[in-house]
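Please open the model in your viewer and keep the selection panel at hand. The stops below say what to select and what is found there.

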Amino acid sequence: IWCAQTNFEIATRIPLIVRVPGMDSQGTKVSQLVESVDLFPTLCEFCGLPVPDQVEGSSLVPLVAQPNRSWKRAAFSQCPRGEDTMGYTIRTDRFRYTEWTRSGANEPAAVEFYDRISDPGENDNTVDRPENRDRVNELKEQLHEGWQASRPADIAAKAN
């Protein structure tokens, strides 16, 4: 989908190929969650440049060096709908949770929850099912904690 006009997997999952001459992990496929915002801090670290404080994302250098290490708990995306509504999404290894928020509103106008194991096409919004209540609340809290709370523990500790 051109220009990622949705928060669904079809637009937010993109190929990312990182090649670093001399690294032992050449040709290794990694299944951990990474984000496009991770590219800038990664390039900075590989080039020996400081990463500006306002930059979001985490350098992928540790993941490139150790492809099987634990990594982010979640990836985040956002996409506008119309002129006054923004969709904020958190994607974990299994679930996708989205809140659609209107400008100036305190509560979301709509909420979506998808289990990517049972519904890989994200066709059945199961946010209102009682059996999902705890998971939805957990993802809601994690979404509001933001991207920094989802970083690997050792990376987050180094940044603080």
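## A tour from the pocket outwards

Sorted by class, the residues that line the largest pocket comprise 25 nonpolar, 16 polar and nine charged ones. Bear in mind throughout that this is a predicted model.

Start with the pocket itself, which holds about 1600 Å³ of space; its lining counts 50 residues, and if you select I14, L16, V34, E35 and S36 you will have those closest to the centre of the pocket. Next, colour the elements that take part: α1 (9-12), α3 (61-65), β1, β2, β3 and α4 each contribute at least two residues to the lining, and among the contributors β1 gives the most, with five residues.

From the pocket, move on to one of these contributors and select helix α4, residues 133-145, whose 13 residues reach 18 Å from the first C-alpha to the last, close to the 18 Å expected at 1.5 Å a residue. Within the helix, show the side chains of V136, L139, Q142 and L143, which are its buried residues. When you look down the axis of α4, these buried residues fall within an arc of 130°, so they line one face of the helix. To see what covers them, add the strands β1 (75-81), β2 (85-91), β3 (95-102) and β4 (110-115), which are included in that cover. Then turn to the face of α4 that points away from the buried side, where the exposed residues D134, E141 and H144 are carried. Just after the helix, select G146, which takes a positive phi of about 95°.

Continue along the chain to S150, in the loop between α4 and α5 (153-159). Is S150 buried or exposed? With a relative accessibility of 1%, S150 counts as buried, and, if residues up to four places away in sequence are not counted, S150 touches K72, R73, A74, F76 and Q142. The last of these contacts leads back to α4, since Q142 is among the buried residues of that helix.

For the final stop, select D115 in strand β4, a residue that is buried, with a relative accessible area of 13%. Leaving aside neighbours within four places in sequence, show R94, F95 and P120, with which D115 is in contact. If you then draw a C-alpha to C-alpha distance from D115 to P130, you will span 14 Å in space, for two residues that are 15 residues apart in sequence.

How values were computed:
Residues are numbered from 1 along each chain as its sequence is written. This is a predicted model: local features need pLDDT of at least 70, side-chain atom pairs count only at pLDDT 80 or more; totals for chains, interfaces and linings use all residues. Side-chain values use heavy atoms; hydrogens and water are left out. Helices (H or I, at least four residues) and strands (E, at least two) are DSSP runs, numbered from the N terminus. The expected span of a helix is 1.5 Å times one less than its number of residues. Buried means under 20% relative accessible area, exposed over 50%, partly exposed in between (1.4 Å probe, protein chains only). The arc is that of the directions from the helix axis to the C-beta atoms. Contact means heavy atoms within 4.5 Å. On a 1 Å grid over the protein atoms alone, a cavity is a set of points where a 1.4 Å probe fits but cannot get out, and a pocket is an open set with protein on both sides within 12 Å along at least five of seven lines; lining residues have an atom within 4 Å of a point. Grid points are joined across faces, edges and corners, and a volume is the space filled by probe spheres set on the points. Ala, Val, Leu, Ile, Met, Phe, Trp, Tyr, Cys and Pro count as nonpolar, Asp, Glu, Lys and Arg as charged, and the others, Gly among them, as polar.
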